[in-house]
Protein chains: 2
Amino acid sequence: MARAWHLMQRPKGLPTTNDVALKEIELAPLEDGMVHVKNDWLSVDPYMRARMDDTESYFEAFGLDKPMDGGAVGTVVASKAEGFAQGDKVLTFAGWRDEAVLPAAAVNKLPELGVDPYHFLANLGLTGGTAWFGLMDVASAKEGDVVFVSAAAGAVGSAVVQIAKASGMKVIGSAGGSDKCEFVRSLGADACVDYKAGNLVKALKGALGEIGAKGIDVYFDNVGREHLDAAFAIANNEARFAECGMIDGYNHEAPYGFKYIAYIIGKRLQMKGFIFTDFQPRMGEFYAAMGPMIAGGQVKSQETVMDGLESTFDAFLGLFSGANTGKMLVKL
Amino acid sequence: MARAWHLMQRPKGLPTTNDVALKEIELAPLEDGMVHVKNDWLSVDPYMRARMDDTESYFEAFGLDKPMDGGAVGTVVASKAEGFAQGDKVLTFAGWRDEAVLPAAAVNKLPELGVDPYHFLANLGLTGGTAWFGLMDVASAKEGDVVFVSAAAGAVGSAVVQIAKASGMKVIGSAGGSDKCEFVRSLGADACVDYKAGNLVKALKGALGEIGAKGIDVYFDNVGREHLDAAFAIANNEARFAECGMIDGYNHEAPYGFKYIAYIIGKRLQMKGFIFTDFQPRMGEFYAAMGPMIAGGQVKSQETVMDGLESTFDAFLGLFSGANTGKMLVKL
């Protein structure tokens, strides 16, 4: 019997095991045009927290007492659809479960790039794509820019650090704790601030001094709240902010009081929100740019892997306690 | 003896008469290349509040125990500079005082547009220019867009309302009190919300219903804080925010807690700060667009005029208590 994680009630703040349940599900019948996939890898990502809320016009909300979904890489075990055969490695959105029977349109055969399939959930998928389009397109980052990226030890953040360095930028990351900061520096970051170690604006000014820069030209925001406010404070004129995530806000119920937001005006800042899926028509361009950076070792992949479908919710919670270094994945 | 308003100490919150003083000043000698101007009209503007603070990288701060400055229209009373003769009407930045002797480079002869000179402090100057460049360039507003403008009964706001209507947009304004809302509607706004009358998001949703719109495509922000937060809440996907001012923040010491700021991501919002002076090389383009709108009566001018140099500080304070309808000016 197949099983899937269900959302049972909408969490207040940080989700708990009371909010979810791992339940048996009935698979759709394998009719013409359908593909039966067994998942090998599941992705858990911070944006999923927002989908647990029933907030108007944000990401599509998860239904109550229904299976959740998300990125997954699997193997075709049976197919009644043209173009799919047993053993094919595929990318689907049928995550949070072990098996699914899906219409062929919801199943994507992995392109042959000579890499392990899980990369398509990481640097060749949502993670790397978010980093690359956010940095290069949304924030128009260019050689010589000073880039600040928050949650730089996280999945998207570590990709941003490496892509920026491979593209001739100076990079300041932030991360929680000295071990993570060491990891961020090992990715090539010119400086890293430990946001748990005290005043963030002061620490960032120290990092700017360390790299001989006056301010930042680009902020890649994964965190929101205090990090975003600090970025306003240290931005150069006409700095561009790629608003990718506000993980620090998802589990806070009290809104954050921004002290430096009015700098948007005097510094002529530009902030732009974006969602990876908007760029899916441009995946070819992305593979062409990112493939060589992975093959050439300029963008290394780092994963935290948890084992088994049962661990999926713990893996997800780990995103909010900082349990992951790099991309968090579940191996089935 | 000439006199000028001096900043004596940096205000905390709303400025008081203790922060400023009207003092006698010595004029520079009328040497070669200099022009002696007697001011006829002084401009007071919300951005001047920011200049009273000594905040890094915002507008240039006023010096302490020094004359403040700002836009002024005057008449040349004596000239030792080529191109300037007694009686010429000129635009300078030597506001907050009655007379000044200035180098010719700081004096601009008014172009002959057949309008009363004070317009160059209003719809043909910073006020109208801020409205026009902010709406058309920064927010890329176009025919058919739904535009929300805060402080719509203020100087810049009323220009935005009229330019937007003249350009085929739908407009929702906000203002404090029913009289001001009536004025905003008289400018052509399709709806106006009274921000003093209760929950702003709810009122704005009512206004959207009234005009048959789902959300806003453009927000022209003069106010910040609760207005900006409400704009996040009612924005359509890919809405553009022109960040012109945050008057509501200038005199608050406690930072504002934004409830809806994370919508920037899911709705792919774009926020851009701007300053009118950045557009000064494009004034010709602006005169060409705005001149006919003023001549054709599509953009009407509305002023609140206070009399005499002594009233300048009260006129300035009036900007924060809502004493003005349209542009606040001081007539000497």
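**Notes on the A/B model**

1. Starting inside chain A: Trp5(A) sits opposite Leu22(A), the latter in β2(A). Keep in mind that this is a predicted model. Strand β1 of chain A, residues 2-7, runs antiparallel to β2(A), and six bridges join the two.

2. Zooming out a little, β1 belongs to an open sheet of three strands in chain A, ordered β2-β1-β4 with antiparallel pairing. The edges are β2 (20-25) and β4 (66-67) of chain A, each of which pairs on one side only.

3. Now the interface. Chain A puts 33 residues into the contact, and chain B puts in 33 residues as well. If you like to think in areas, about 2,800 Å² is buried between chain A and chain B, with carbon and sulfur atoms giving 65% of that.

4. There's strand pairing across the chains too: β15(A) and strand β15 of chain B (residues 270-273) run antiparallel, joined by three bridges. For a specific pair to look up, take Lys272(A), whose bridge partner in β15(B) is Gln270(B).

5. On the charged side of things, two salt bridges are counted between chain A and chain B. Look at Arg268(A) and Asp278(B): their side chains form a salt bridge at 2.6 Å, N to O. Polar contacts across the interface come to seven residue pairs, with both residues at pLDDT 80 or more.

6. What does the side of chain A that touches chain B consist of, by class? It has 17 nonpolar residues, plus eight polar and eight charged ones. The elements giving two or more residues to that side are β14 (256-258), α8 (263-266) and β15 (270-273) of chain A.

Methods. Residues are numbered from 1 along each chain as its sequence is written. Chains are lettered from A and ligands numbered from 1 in the order in which they are written. This is a predicted model: local features need pLDDT of at least 70, side-chain atom pairs count only at pLDDT 80 or more; totals for chains, interfaces and linings use all residues. Side-chain values use heavy atoms; hydrogens and water are left out. Contact means heavy atoms within 4.5 Å. Buried area is the accessible area (1.4 Å probe) that two parts lose on being put together, summed over both. A salt bridge is a side-chain nitrogen of Lys or Arg within 4 Å of a carboxyl oxygen of Asp or Glu. A polar contact is a pair of N or O atoms within 3.5 Å; within protein, one must be able to donate a hydrogen and the other to accept it, and residues adjacent in sequence count only if both atoms are side-chain atoms. Helices (H or I, at least four residues) and strands (E, at least two) are DSSP runs, numbered from the N terminus. Ala, Val, Leu, Ile, Met, Phe, Trp, Tyr, Cys and Pro count as nonpolar, Asp, Glu, Lys and Arg as charged, and the others, Gly among them, as polar. Two strands pair if DSSP finds at least two bridges between them.
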